[in-house]
Amino acid sequence: MSLTSQVVASCLIIPALIAGIFAWATGWFARRVRSKNSDGSDPARPNDAKASNGLETAGGVIAAIGWCMAMMAAMGMRQWVGSETGLVETIVGVESWQRTIWPMILFGIVLSIGAATQPDRGASRYALAGLTAALAAFMTLPSGENWSDQLPLHRSWSGLMVASCLANAWALESLVRQRGDRWCPLVLLAGFATPAMLTALNYAAPAEWVLASIAATVGATGVIAWQASRGASSAAWMVVFPGCVVIASMTMTARFYTYEDYPRWVYSIALFLPAMIRFIDLPIQSRSWRLRVPVAALVAIGLMLACANELILSEPTENW
Amino acid sequence: MRSFVKSLAVFAVAGLSAVAGNSVAKADGLQLDSANSKIEFVGTKPGGSHDGGFKDFTASATIDPANPLSGTLSIEIDSTSLWSDHPKLTNHLKNPDFFDVRKFPKISFKSTEMMPGESAGAGMVKGEMTMLGKTNEVEFPVTCAVDGTTCTLTGEFKIDRTKWGMNYGQGKVDNDVSIKATLAFKM
């Protein structure tokens, strides 16, 4: 199988299918629960009165775990299978960026379970999520004798990674609370764009993983849109939680594995684009989605184009 | 003198996988002319190729003109000195997809056997090349051209990068990498 075929299968088709199947299961779960609600209330939104019942939004946990499974499948097919190191070492993560997968799952589970069971107790679950984000930063930072020259960057980038995970997760969850559950995965997708560019320019293996996260999110988003077109909604938007860790960790990986000096504003957009979009959305959050979505899209496209111009378009177009 | 040149050709070829840039190697009175020595590689892909090389290395050599086949050569490359014809490619080549220079900052070669060639000034060298933490045997020919007080040894050969675990991009980037080394020794 050629490299292109391997990447398409491992980083596009399989992750999209797995995430889509789990998102569909989430919708199925929501419909089953809703059919038992005497008032027919929608369990998909955490601000719904019925959402305080954990059972109703537990489907969101299914979607988040499914998204993580999709990412694990991509990691397994491209990094674990055929690895010449020991099985345990391979699965734990030979390269620092590969170790991100475990705290990513933890982060996704902590926030999705919290959003499902205790939607009104954000402080405590975000505090716990902050700890898992710190763990993710600790595990993702490349360390060792050969990285000693990069030690001065560790403290600031650890802080940035934790801040990115929490700010983006909060932004996306608050977007859902303001009737944005059907399009918040699109904001996450926009958030992947700059980390994808940064990694693709420097280190292909994590770039493939970002590609897998895009595919998994597209798969989940497609199912969410399909369910919405049938008048049903689900808590599958919770796939955004683990996605926030991918944004932060892959941006940090790109920073540590590059030998080029990219502007700080590029890293800022890479780390915080979902939060930036939510910030722009705040003044108009009570308005119709017909205004909010185009505004969010314009902001996202503008920021992505600025990064693309800085990283790619202003450089020679030769493909190496 | 003919025997001497032949022996020189034999030992110097062992450095083919490593010699470049600013290094200096002494071999029983012979000194590598770093300004005129270089090691380069050519990576190919369907429809294109890129040039690259290493700027820094160290080398040590021994040679006995009376018994040229007993000569040895050890070379160590600073893999972080890697360069290529495209800055972004250089960036990518340094990362774990290819040379992983953070984890493996050295590439080394140590000769194990010198063999005479069929003509004067030609020889074969066999040795162990360590890259990405893996050691494989390589064998390659060398030729020597004498010009005044300078003996220039040139060798070209190919290695299969996947033997050292450099597996990324198979199908997009050819496995065989051409190496061309030019070693200039002051006699």
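**View 1. Chain A is built from helices, with eleven helices and zero strands.** Helices here are DSSP runs of H or I with at least four residues, strands are E runs of at least two, and both are numbered from the N terminus. Read along the sequence, chain A goes α-α-α-α-α-α-α-α-α-α-α. Keep in mind that this is a predicted model, where local features need pLDDT of at least 70 and side-chain atom pairs count only at pLDDT 80 or more, while totals for chains, interfaces and linings use all residues. Residues are numbered from 1 along each chain as its sequence is written, and chains are lettered from A and ligands numbered from 1 in the order in which they are written. The C-alpha atoms of chain A fit a box of roughly 60 × 45 × 40 Å along the principal axes. The radius of gyration of chain A is 19 Å, which agrees with the value near 20 Å for a compact globule of 320 residues; the radius is taken over C-alpha atoms, and the globule rule is 2.2 Å times the number of residues to the power 0.38. Buried residues come to 52% of the 320 in chain A, where buried means 20 or more other C-beta atoms within 10 Å of the residue's own, exposed means 12 or fewer, partly exposed is in between, and C-beta atoms are placed from the backbone.

**View 2. Helices α7(A) and α10(A) pack at about 175°, with their axes 8 Å apart.** That makes α7(A) roughly antiparallel to α10(A); the label goes to angles over 145 degrees, with under 35 called roughly parallel, 65 to 115 roughly perpendicular and the rest oblique. Axes are lines fitted to C-alpha atoms, for helices over the stretch in contact, and angles run from 0 to 180 degrees between N-to-C directions. On the α7(A) side, look for A:Val187, A:Leu188, A:Ala190, A:Gly191, A:Thr194, A:Pro195 and A:Leu198, which meet A:Val266, A:Ile269, A:Ala270, A:Leu273, A:Pro274 and A:Ile277 of α10(A). Contact means that C-beta atoms, placed from the backbone, lie within 7 Å. By class, this contact has eleven nonpolar, two polar and no charged residues. For the classes, Ala, Val, Leu, Ile, Met, Phe, Trp, Tyr, Cys and Pro are nonpolar, Asp, Glu, Lys and Arg are charged, and the others, Gly among them, are polar.

**View 3. Helix α10 (residues 264–281) of chain A also packs with helix α9 (residues 240–256) of chain A, at about 160° and with axes 8 Å apart.** So α9(A) is roughly antiparallel to α10(A). From α9(A) come A:Ile247, A:Ala248, A:Thr251 and A:Arg255, and from α10(A) come A:Tyr267, A:Ala270 and A:Leu271. Those residues split into five nonpolar, one polar and one charged.

**View 4. Helix α11 (residues 289–313) of chain A has a set of buried residues: A:Arg292, A:Ala296, A:Ala300, A:Leu303, A:Cys307 and A:Leu311.** An α-helix has 3.6 residues a turn, so residues three or four places apart point the same way. The cover over the buried residues of α11(A) includes α7 and α10 of chain A.

**View 5. At the meeting of the two chains, 17 residues of chain A are in contact with 19 residues of chain B.** Both α7 (184–202) and α8 (204–229) of chain A supply at least two residues each to the side that touches chain B. That side of chain A has nine nonpolar, four polar and four charged residues. Over in helix α2 (residues 87–94) of chain B, B:Lys88, B:His92, B:Leu93 and B:Lys94 are buried. What covers the buried residues of α2(B) includes α7 of chain A, along with β4 (48–54) and β7 (82–84) of chain B.

**View 6. Chain B has two helices and twelve strands.** From the N terminus, its elements run α-β-β-β-β-β-β-β-α-β-β-β-β-β. Of its 187 residues, 40% count as buried.

**View 7. Two residues, A:Arg179 and B:Leu132, have a positive phi although neither is a glycine.** A:Arg179 has a phi of about 65° and sits in helix α6 (residues 151–180) of chain A. B:Leu132, at about 55°, lies in the loop between β9 (122–131) and β10 (134–147) of chain B. A:Arg179 is partly exposed, with 15 other C-beta atoms within 10 Å, and B:Leu132 is partly exposed with 19.
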